Amino acid sequence: MRRTTHHRILALTALTLLLAGCGTQGGGDAGGGSRTVSPSPTTSHQSCDTAPAELGAADTGHTYCLTAGGVLRLTLDGTTSRPWTPVKVSGTGLEATNSGVVLQAGDASSAFKAVSAGTAHLTSSRPLCATAPGKVSCKGIQEWTVTVLVTKS
């Protein structure tokens, strides 16, 4: 009988902790608390930083604003054993242009001109581990992604 009571107490404790984390969003009429809920994405300006002259691997996950007519360059430094895939662009607002850079093996370099208002997503990836015959390797992938909000000038 003790074993059943012990399991019930553990189950109730786990359920209580689980439910305590559910549905506690701020911003409603429930008051108090410093937690807030981010607004849903809209077509207006979301919070974004002005795009730097050149993007790199450390910029992954960021959202940048770029005015129509501006140019965005990026260089992802890779190696022959861990090469970056060519940068892909999806969405609207950016058009590929000549990056004017000589690449070394494993690097990915691109340039894009902001041609119209829109939102574009830039992506690339590379293996987390170098692969070599007869060596230990992994199947992990390092992803790189940046969102660019193009605004009218």
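**View 1. Strands E4 and E7 pair up in the antiparallel sense.** In this predicted model, strand E4, residues 71-76, lies alongside strand E7, residues 108-114, and 6 bridges join the two in an antiparallel pairing. Two facing pairs make good landmarks here. Leucine 72 sits across from phenylalanine 112 in E7, and leucine 74 sits across from serine 110, also in E7.

**View 2. E4 has a covered face and an uncovered one.** Look at the side chains along E4: Leu72, Leu74 and Leu76 belong to its covered face, while Val71, Arg73 and Thr75 belong to the uncovered face. That back-and-forth is a familiar pattern, because side chains in a regular strand alternate between the two faces of the sheet. Two of the names from the previous view turn up again on the covered face, namely Leu72 and Leu74.

**View 3. E2 runs parallel to E4.** Now turn to the pairing of E4 with E2: these strands run parallel, with 2 bridges between them. Glutamate 54 is the residue to find, since it stands opposite arginine 73 in E4. Arg73 is part of the uncovered face of E4.

**View 4. Four strands make an open sheet.** Step back a little and the strands line up in the order E2-E4-E7-E6, forming an open sheet of 4 strands with mixed pairing. At the edges are E2 and strand E6 (94-97), each of which pairs on one side only.

**View 5. Aspartate 59 sits in a loop and is buried.** This close-up shows the loop between strand E2 (54-55) and strand E3 (63-67), where aspartate 59 is found. Its relative accessible area is 16%, so aspartate 59 falls under the 20% limit and counts as buried. What does aspartate 59 touch, leaving aside its neighbours within four places in sequence? The contacts are Glu54, Tyr64, Trp144, Thr145 and Val146. One of these, tryptophan 144, is 85 residues from aspartate 59 along the chain, yet their C-alpha atoms are separated by 8.2 Å.

**View 6. The whole chain, for orientation.** Here is the setting for the close-ups: a chain with 1 helix and 9 strands, running α-β-β-β-β-β-β-β-β-β from the N terminus on. Of its 153 residues, 25% are buried. Among contacts with a separation of 6 or more, 61% join residues 24 or more positions apart. The chain exposes about 10600 Å², and carbon and sulfur atoms supply 56% of that area.

Key:
Residues numbered from 1 in each chain as written. Predicted model: local features only at pLDDT ≥ 70, side-chain atom pairs only at ≥ 80, totals over all residues. Heavy atoms only, no water. Buried < 20%, exposed > 50% of the residue type's maximum accessible area, 1.4 Å probe, protein only. Contact = heavy atoms within 4.5 Å. Areas by Shrake-Rupley, 256 points an atom, 1.4 Å probe, with all protein chains shown as cover. Pairing = 2+ DSSP bridges.
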